[in-house]
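Work through the three exercises below. Try each task before you read its solution.

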Amino acid sequence: MNETIELMMKHRSVRKFKADPISEEQLATIIAAGQMASSSSSVQAYSVIAVTDLALKSKLAELAGNQAYVNECPVFLVWCADLFRLKDAAKQHMPDKETYADSTENFMVATIDVALASQNAALAAESLGYGIVYIGGLRTRIEEVSELLGLPEGVYPVYGMCIGVADQETGIRPRLPLDAVLHQNQYNAEQTLEGMARYDETTVAYMNERTQGANKTPWSVSMAKRLTEPVRLQMKPFLEGKGFMKR
């Protein structure tokens with residue numbers, strides 16, 4: 001392993017932060033590193049809102065499900081898929097042509113751009129000694145989050161990210177076996193299911209140790225529960241109202 005891969009292999013989610021601030025220079029470096037991620041046709045269809053205002057962070061923490069670490073971290077980043085700039089470019093240069101900003105493909109491009117850029121930024125933050133955790137809970141009350149941040153049509157908050165100096169020691173959550181994820185030349189369903197069965201054993205042991213015996217739920221049981229419960233079904237009408245995925 002080299003230094004970069006070692007850093008990636010040590011990733012863990014941090015949910016308790018010290019009050020130590022992040023300088024404007026370091027934040028700029030983190031976001032600039034995010035910008036160097038690949039982007040489809042260089043559309044760069046994302047924006048980032050850095051939230052440091054205490055009252056605003058407190059409200060976002062509430063909207064995200066009362067997650068205290070949103071309040072505790074010195075900087076809370078809201079990563080947004082953003083087609084607003086592209087729509088304006090089309091309006092400026094091709095005003096007589098119909099745009100396809102509302103296509104499912106462009107929704108996917110913008111969302112993928114966010115994921116690539118934010119993960120670059122996460123690695124940059126960790127390389128500077130900070131911890132991070134993604135906050136998908138922003139989508140639970142996404143319309144209120146959108147209004148609070150003044151997001152125009154063509155922009156939606158994909159998730160948040162807490163950044164700060166970690167104030168806790170946490171273990172590294174085990175991942176699926178490599179052979180359950182990596183396929184050679186074609187998809188191997190049997191290999192995937194075999195790997196999943198082994199992973200269940202791993203996660204039972206991990207959760208048992210982490211919770212001192214209070215939780216021994218296998219990963220597949222947790223995923224079955226997740227997949228059979230309605231979660232954030234408001235997303236589709238919200239996104240359509242924001243000008244996404246209409247065709």
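**Exercise 1.** Find the helix that holds Arg-210, then decide which charged patch this residue joins.

Solution.
Step 1: In this predicted model, Arg-210 lies in helix 9, which spans residues 189–210.
Step 2: Check its cover. The relative accessible area of Arg-210 is 42%. Partly exposed runs between under 20% (buried) and over 50% (exposed), so Arg-210 is partly exposed.
Step 3: Patch residues need over 30% relative accessible area. Arg-210, at 42%, passes that cut-off.
Step 4: Name the patch. Arg-210 gathers with Arg-15, Arg-173 and Arg-175 in a surface patch of positive charge.

**Exercise 2.** Place Ile-5 in a helix, and say which nonpolar patch it helps to make.

Solution.
Step 1: Ile-5 sits in helix 1, residues 3–9.
Step 2: Its relative accessible area is 37%, so Ile-5 is partly exposed.
Step 3: Ile-5 joins Met-1, Met-8 and Met-9 in a nonpolar patch on the surface. The patch covers about 450 Å².

**Exercise 3.** How many disulfides does a search of the whole structure find? Test Cys-73 and Cys-80.

Solution.
Step 1: The cut-off for a disulfide is two cysteine sulfur atoms within 2.5 Å.
Step 2: Take Cys-73. The closest cysteine sulfur belongs to Cys-162, 3.8 Å away, so it is too far for a bond.
Step 3: Take Cys-80. Its nearest cysteine sulfur is that of Cys-162, at 15 Å, and Cys-80 is in no disulfide.
Step 4: The search of the whole structure finds zero disulfides.
Step 5: Add the cover. Cys-73 is buried at 0% relative accessibility. Cys-80 is buried too, with a relative accessible area of 1%.

Key
Residues are numbered from 1 along each chain as its sequence is written. This is a predicted model: local features need pLDDT of at least 70, side-chain atom pairs count only at pLDDT 80 or more; totals for chains, interfaces and linings use all residues. Side-chain values use heavy atoms; hydrogens and water are left out. Patches are made of residues with over 30% relative accessible area and no salt bridge: like charges are joined within 9 Å, nonpolar side chains (Val, Leu, Ile, Met, Phe, Trp, Tyr) within 5 Å. Accessible areas come from the Shrake-Rupley method with a 1.4 Å probe; for residues, only the protein chains shown count as cover. A salt bridge is a side-chain nitrogen of Lys or Arg within 4 Å of a carboxyl oxygen of Asp or Glu. Lys and Arg count as positive and Asp and Glu as negative; His and the chain ends are not counted. The place of a charge is taken as NZ of Lys, CZ of Arg, CG of Asp or CD of Glu. Helices (H or I, at least four residues) and strands (E, at least two) are DSSP runs, numbered from the N terminus. Buried means under 20% relative accessible area, exposed over 50%, partly exposed in between (1.4 Å probe, protein chains only).
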